Each structure stands twice: as C-alpha cells, then as structure tokens.
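Trainee: I'd like to learn how to read surface and strand features off a model. Can we work through one together?
Mentor: Sure, let's bring it up.

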Amino acid sequence: MSSVLTIADVERIAALAQLELTDEEKQLFTRQLADILAYAQQVQAIDTSGVPATAHVHAGQRTERADEPQRSLSVADAVANAPDPAPDAGLFRVPRVIGG
Amino acid sequence: MAADLLDRSALTLRDDVAVGRVSAVEVCQACLARAQAANVALNGFNLIAAERALARAEQIDRQRAAGEPLGPLAGVPIALKDNLSVRGMRTTASSRILEGYVPPYDATVVRRLEDAGAVILGKTNCDEFAMGSSNENSAFGPVRNPWALDRTPGGSSGGSAAAVAARCVPIALGSDTGGSVRQPGAFCGVVGLKPTYGRVSRYGLLAFASSLDQIGPLTRTAADAALVLSVIAGADPADATTSREPVPDFGAALTGEVTGLRIGVPRAFVGADPPSGAGAVTTGLDEGVRRAFEQALGDLERAGASVVEIALPHAQYAIPVYYLVATAEASSNLARYDGVKYGYRSTGTKDQNLQTMYSRTRDEGFGAEVKRRIMLGTYVLSAGYYDAFYLKAQQVRTLLRRDYDRAFEHVDVVAMPTSPTPAFRLGEKTDDPLQMYLADVFTVSAPLAGLPAISVPCGFSDGLPVGLQLTGRLFDESTLLRTADAYERLTNWHTQAPPLPPH
C-alpha cells in the first residue's frame with residue numbers, strides 16, 4: 001500500500017466526512033495525515049493471523065428492557081436548541097434538499 | 001480561613017458541613033472567589049455558575065438546619081468538564097459547533113452527584129470534544145498550568161485538573177479516552193482516576209470514542225477519588241455499556257496496607273522509545289520523570305510491596321492502535337453535528353442546498369484537530385483501507401489485552417510513569433500532531449484494554465509535577481485506590497500546592 005496521500009485523497013475523504021475544507025486546510029491535512037498514516041503503518045507488520053478483533057471490551061451482558069413506551073423529550077424541548085426551528089409546527093427547518 | 005477551607009479535601013469539607021463547622025454557603029463562596037480570581041490567569045473555566053451554585057449550597061444548609069439526612073457529598077463544590085450535560089447549563093465541549101446549545105437533560109453522573117449533595121460550581125475548559133493532550137484545541141483558548149503559566153495543564157481535561165490544583169474546587173470530573181484524566185492529573189500534580197470501561201455511565205457525556213470513553217474524578221487525594229467514584233459508579237439503564245458488577249465501598253478499601261502487593265513494571269517498554277515509523281519522532285523518558293518513578297517504586301517496596309519485571313510486548317503499538325480506533329469512532333460519533341437539531345449553523349446558507357449547509361457548518365464549527373481526526377477516522381474506515389488499518393488495529397488491540405491478562409496472572413497492578421515528560425510548553429507541539437500523539441505513550445494502553453488506571457503525584461522534575469500511573473485488573477479500582485492512598489501516606493507530594501494568585 002502506498003503511504004503517499006494526495007490532495008485528491010484528502011478531497012475524497014473530506015466529501016465523505018461532509019467537510020468543506022479550504023485550500024489551505026487541504027494542503028496542511030495532506031501533509032499531516034500522510035505523516036500520521038506512515039507512523040500507523042507499523043501495525044501492518046504485526047502477525048495477527050487468527051486473532052479476533054476487539055471492537056469493545058464490555059463483557060457480553062444482556063441489556064434489554066421491556067418494550068414499553070417511556071418518557072422522552074417533549075417536542076418543544078427537542079426543537080428548542082435548533083438554529084432554525086419551526087416551534088409551532090414542531091419541526092426543524094433546513095435548506096432545500098434537492099437542487100438549489 | 002478562606003485559604004484553609006480551600007485546602008481541605010472533599011471528605012473533610014463534607015464532614016465539616018455535616019457537623020456545622022462551616023456552612024455549605026461559606027465553602028461555596030470561598031471556592032467561587034478562588035475560581036474567579038484564578039480564572040484570569042488560568043482560563044480553566046468555560047462557565048462559572050455562581051448563582052446556581054449558591055442556591056444549591058443554601059439548599060444544603062437548609063436541609064441540615066431541618067435535620068434532614070445529607071448525602072455523601074453534601075456541600076462539596078465540584079467542577080465538571082464541559083463535555084458533561086447539565087440541564088439548563090450551557091455545554092460546549094469547547095467547540096464552536098455547539099454554540100448556543102443548552103442541554104435539555106442531565107448526565108447520569110450529574111444527577112448522582114447532585115443527589116449526593118454536591119454543588120456544581122461550573123464547567124471546565126478542555127480540548128474540543130476531548131481531543132487533545134494539551135488543552136490547546138479549545139475554542140475558548142488554552143488553559144495554563146498553575147505550576148508554570150507558560151506550560152500546558154495537559155489534556156484533554158486540562159481545566160478540571162488546573163481547577164483542582166489551584167484550589168478552586170476540591171474535586172472535578174473529567175473524561176478519559178486515551179489519558180485525558182490521568183495525564184492532566186500528572187501535569188498539574190493531582191490525582192486522576194480512569195475507572196474500568198463500563199463502571200460509570202456515559203449518558204449525557206458528549207461522545208468521542210465510544211469503546212474507550214470513561215468519566216473519572218480529578219482530586220487531591222486518593223480518598224476523595226474513592227468517594228467520588230462510589231457516588232458516580234454503577235449500572236444505568238440509560239447507558240447499555242454500563243456493567244452490573246457490584247459497586248464496592250471504595251473508601252473502605254483504603255487500609256494503608258501494601259504488604260504483599262505485587263507491582264509489575266514493563267521495563268523494556270518504559271525505558272524504550274516507541275518504535276519509529278517513517279518520519280516519526282521518538283519520545284524519550286525525561287530523566288526527572290525516571291528518577292521520581294524509581295523513587296516511588298522504592299517507597300512502595302519499603303512499605304512491603306514487591307516490584308516484578310513484566311513484559312507488555314504490544315504496548316509499543318498502543319499509540320497507532322489508539323489513534324486508528326479512536327478516530328474511526330470519532331468520525332462516526334461526530335457525524336451528528338450537522339447544523340440541524342442544535343448548535344451552530346453556517347450563516348448565509350439559506351439559499352444553498354442541504355449538502356452545502358452541512359459541509360460548511362462542519363468546516364466552520366469544528367477546530368483543526370477535530371477535523372484532522374474526523375478525516376483520519378473516515379479514511380481508515382473507507383473502502384480499501386478498512387482491513388489494513390481499522391481491522392488490523394482492532395486485532396492488535398486483542399493482543400494488547402492478552403498482554404495484560406498474562407501480566408495480571410503474576411502481579412496485582414502495573415506501574416508506569418503517567419507521561420514520559422512533565423508538562424511541556426504551550427505551542428511546543430501544536431504544529432506537529434504526531435509529536436503530540438506520542439506524548440500519550442503510557443496512557444493509551446489501559447483504555448484499549450478497558451482497564452482502570454490512576455495517576456498519583458510522585459514528585460517533581462525541574463519544579464514540574466510528575467505522576468505515577470497504576471493500572472489494575474478489570475473492576476479492581478479498589479486495589480488502585482488502596483495503593484495510591486498508601487503511597488500518599490508515605491509521601492507528601494499530593495499536598496504540594498502551586499503558587500496561587502492573590503485571593
């Protein structure tokens with residue numbers, strides 16, 4: 001695998017991550033992420049054949065509860081923090097989704 | 001009087017309030033005055049909630065006057081890292097993207113603390129979304145180390161550690177993902193405890209890396225850490241990752257006894273530089289840190305403990321594993337910040353489409369380190385790189401856990417310095433993120449293995465505090481607290497106070 005990260009790679013990742021980076025940020029992150037990935041590549045030399053992955057360390061315990069409705073946030077509380085709420089309608093307002 | 005109050009432990013203050021030697025309001029006023037004065041130089045608080053705190057303290061005094069039972073933290077002021085939700089109190093995670101956000105609910109730890117009578121004094125500054133090791137990644141500016149104002153307090157819970165060290169509060173909460181309670185504890189000369197994964201509910205903690213995050217106390221004594229942990233620990237239906245493991249009375253474990261305790265030291269790892277990949281830098285162990293660490297081991301040996309050499313062959317890979325796993329999880333957790341439901345939205349996007357609003361909001365709302373980690377995490381989870389980086393890191397994480405399992409067959413705790421160096425200078429590592437990551441070499445292993453770990457003050461290097469780190473078996477915080485408390489009875493490092501601003 002190549003350890004060289006290009007500006008195009010950074011643009012592709014930024015699009016996946018929903019980040020509109022400035023040109024300056026793209027330059028900086030290309031260099032810094034390449035450094036970090038080059039360092040991180042050392043894990044690839046370790047023999048892990050047959051080793052299971054650890055996603056988390058909590059002991060397998062059942063945490064289910066009865067499927068009964070519980071109290072949750074009121075609609076008024078839920079929209080109170082929104083940058084562009086429509087409180088009377090109980091909705092969050094967003095820019096157009098298609099086109100524009 | 002006020003200065004003396006500020007030096008008292010939470011346990012002492014709690015007892016003083018309970019018998020009426022001092023009122024909760026007097027304690028609260030003293031802490032508020034100190035916090036306001038110290039904040040000018042330290043910038044440790046994002047918010048000091050004076051009115052709310054005083055109202056709460058008055059309530060405790062009324063309860064006492066009425067002869068009502070008081071909780072185990074009644075009248076004790078506490079500061080909370082600003083990534084913990086308090087209903088009605090601005091919570092920012094030191095990020096612009098949460099501008100204007102006021103949580104509509106309390107974190108479980110907040111409810112438990114207030115039920116125990118604690119008085120929340122305010123919210124402390126931290127690295128943005130707890131991502132950093134120096135508290136320099138804050139939208140509200142860096143925190144300064146009370147021992148040396150040109151140095152970092154550590155991170156990411158830098159404000160909490162600085163506030164406890166500067167006697168603004170006897171106790172504070174932080175969160176620890178890769179060392180964010182223990183390392184600032186070491187840098188500021190206070191105790192920092194990261195409990196076992198699953199020990200403390202994260203409900204209401206703004207998530208960074210969900211397989212690693214734990215909430216823990218910063219205190220001036222191990223006994224106070226035991227007290228706080230006893231209050232906040234335990235199963236919570238609102239956090240499915242909490243364990244139903246019984247919560248012992250941690251205070252009762254503090255016998256002062258370490259006779260027969262087996263302390264494992266991974267000498268090859270502690271003494272060695274981390275392996276250098278292409279373009280990497282090495283992290284040498286500071287001579288003053290090494291001396292303080294060896295001295296602490298000697299003190300514990302003389303008190304009856306034995307020191308045994310152990311091997312943790314995969315600990316040298318903990319930094320790359322940590323930064324691959326933590327950033328992958330962060331990229332997912334932080335996807336929720338999109339300018340729709342709460343917080344900041346980029347202005348002038350009304351005529352744009354939704355996609356542009358999202359990406360512009362996130363670029364303007366997140367700081368550089370958070371964006372860097374989101375990018376790294378997105379990369380290692382993306383097609384073609386997942387197996388080579390993310391999956392591989394998770395497999396090495398298993399190998400690291402096995403290293404600890406093997407070590408704990410022979411020893412009761414594992415000792416390392418908390419950080420290879422004492423507090424570094426502000427600005428020293430900000431241009432080189434990799435150099436900053438390498439500073440976490442001794443703290444990232446414990447959370448990867450889910451293990452509890454504590455940092456306790458063990459001396460100074462050139463006038464800057466040094467921390468001794470002890471890692472324990474799963475859910476065995478008791479042995480860590482007992483050892484740290486016994487060590488405090490042998491030494492007076494934990495009683496040292498930094499020079500304080502005029503009161």
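Mentor: Start with a cut-off: a residue is called exposed when its relative accessible area is over 50%, and buried when that area is under 20%. Keep in mind that this is a predicted model.

Trainee: So is A:Val97 buried or exposed?
Mentor: A:Val97 has 56% relative accessibility, so it counts as exposed. You'll find A:Val97 in the segment after β2 (91–92) of chain A.

Trainee: Which residues make a nonpolar surface patch with A:Val97?
Mentor: A:Val94 and A:Ile98 join A:Val97 there, and the patch comes to about 310 Å².

Trainee: Now chain B. Why is strand β11 described as largely enclosed?
Mentor: Use the under-20% cut-off again. In β11 of chain B (residues 464–472), nine of the nine residues are buried, so the rest of the structure largely encloses that strand.

Trainee: Which strands pair with β11(B)?
Mentor: β9 of chain B (residues 413–417) runs antiparallel to β11(B), joined by five bridges; B:Val414 sits opposite B:Thr471 there. β10 of chain B (residues 453–461) also pairs with β11(B) in the antiparallel sense, over seven bridges, with B:Ile454 opposite B:Leu470.

Trainee: What should I look at in the hairpin of β10(B) and β11(B)?
Mentor: Check the two residues between the strands, and B:Asp462, which takes a positive phi near 55 degrees.

Trainee: And how compact is chain B as a whole?
Mentor: Chain B has 17 helices and 11 strands. Its radius of gyration is 21 Å, close to the 23 Å that the globule rule gives for 503 residues, so chain B is as compact as a globular protein of that length. Of those 503 residues, 66% count as buried.

Note on methods. Residues are numbered from 1 along each chain as its sequence is written. Chains are lettered from A and ligands numbered from 1 in the order in which they are written. This is a predicted model: local features need pLDDT of at least 70, side-chain atom pairs count only at pLDDT 80 or more; totals for chains, interfaces and linings use all residues. Side-chain values use heavy atoms; hydrogens and water are left out. Patches are made of residues with over 30% relative accessible area and no salt bridge: like charges are joined within 9 Å, nonpolar side chains (Val, Leu, Ile, Met, Phe, Trp, Tyr) within 5 Å. Accessible areas come from the Shrake-Rupley method with a 1.4 Å probe; for residues, only the protein chains shown count as cover. A salt bridge is a side-chain nitrogen of Lys or Arg within 4 Å of a carboxyl oxygen of Asp or Glu. Helices (H or I, at least four residues) and strands (E, at least two) are DSSP runs, numbered from the N terminus. Buried means under 20% relative accessible area, exposed over 50%, partly exposed in between (1.4 Å probe, protein chains only). Two strands pair if DSSP finds at least two bridges between them. The radius of gyration is taken over C-alpha atoms; the globule rule is 2.2 Å times the number of residues to the power 0.38.
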